[in-house]
Amino acid sequence: MTERSLDSCDLLCLDLPHAEAIRTSLPHQRAVQSAALAAKALGDPTRLVIATSLRGGAELCVCDMAWVVGAAQNLVSHHLRQLKNAALVDSRRDGKLVMYRLTELGEHLTTAILAPATAKEADHV
């Protein structure tokens with residue numbers, strides 16, 4: 001006798017109107033790809049620390065960010081490029097410095113990712 005899978009139905013059924021309503025409300029594939037890229041960018045611990053450092057509206061150059069994160073400038077620069085490619089940070093030139101800050105999307109996503117972790121941490125204090 002085989003064990004039944006707990007994650008699939010034993011009976012083939014389909015509530016077509018309900019399923020179709022959900023299917024038609026899904027975001028465009030381009031939007032899903034963009035969101036997945038942003039989520040993936042913050043899936044790296046160093047990038048999440050960088051985004052968290054910028055979350056308070058602070059603007060930092062690579063040199064300062066490297067000190068804050070405790071990593072080499074070239075590594076931080078690489079991670080900032082990844083965050084910028086995912087539309088999570090913006091940069092601007094200020095003389096010889098390049099200043100980075102979170103975009104609105106970066107702000108929202110960083111907050112959303114950290115909220116459950118900080119709440120759980122607060123419960124254990």
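Which residue in β3 is the bridge partner of leucine 60? In this predicted model, that partner is tyrosine 100.

**The sheet**

Let's start with the strands around that pair. β1 and β3 run antiparallel and are joined by 2 bridges. They belong to an open sheet of 3 strands, ordered β1-β3-β2 with antiparallel pairing. β1 (60-61) and β2 are the edge strands, each pairing on one side only. As a general point, strands of a sheet pair through backbone hydrogen bonds, in either a parallel or an antiparallel way.

**The nonpolar core**

Now to the core. The largest nonpolar core has 20 residues, and those with the most contacts inside it include Ile50, Leu54 and Val76, along with Leu80, Leu83 and Leu88. The elements below each give two or more residues to this core.

| Element | Residue range |
|---|---|
| α2 | residues 29-41 |
| α3 | residues 45-54 |
| α4 | residues 62-69 |
| β3 | residues 97-102 |

α5 also gives two or more residues, while the largest share, 4 residues, comes from α3.

Isoleucine 50 is a handy residue to click on here. Setting aside its neighbours within four places in sequence, isoleucine 50 is in contact with Met65, Val69, Val76, His79, Leu80 and Leu83.

**A loop residue to look at**

Finally, have a look at the loop between α5 (73-85) and β2 (89-94), where alanine 87 is found. Alanine 87 is not a glycine, yet its phi is positive, at about 65 degrees. Is alanine 87 buried or exposed? Alanine 87 is partly exposed, because its relative accessible area is 41%, and partly exposed covers values between the 20% limit for buried and the 50% limit for exposed.

Terms used: Residues numbered from 1 in each chain as written. Predicted model: local features only at pLDDT ≥ 70, side-chain atom pairs only at ≥ 80, totals over all residues. Heavy atoms only, no water. Buried < 20%, exposed > 50% of the residue type's maximum accessible area, 1.4 Å probe, protein only. Core = buried A, V, L, I, M, F, W, Y, C linked by side-chain atoms within 4.5 Å. Contact = heavy atoms within 4.5 Å. Pairing = 2+ DSSP bridges.
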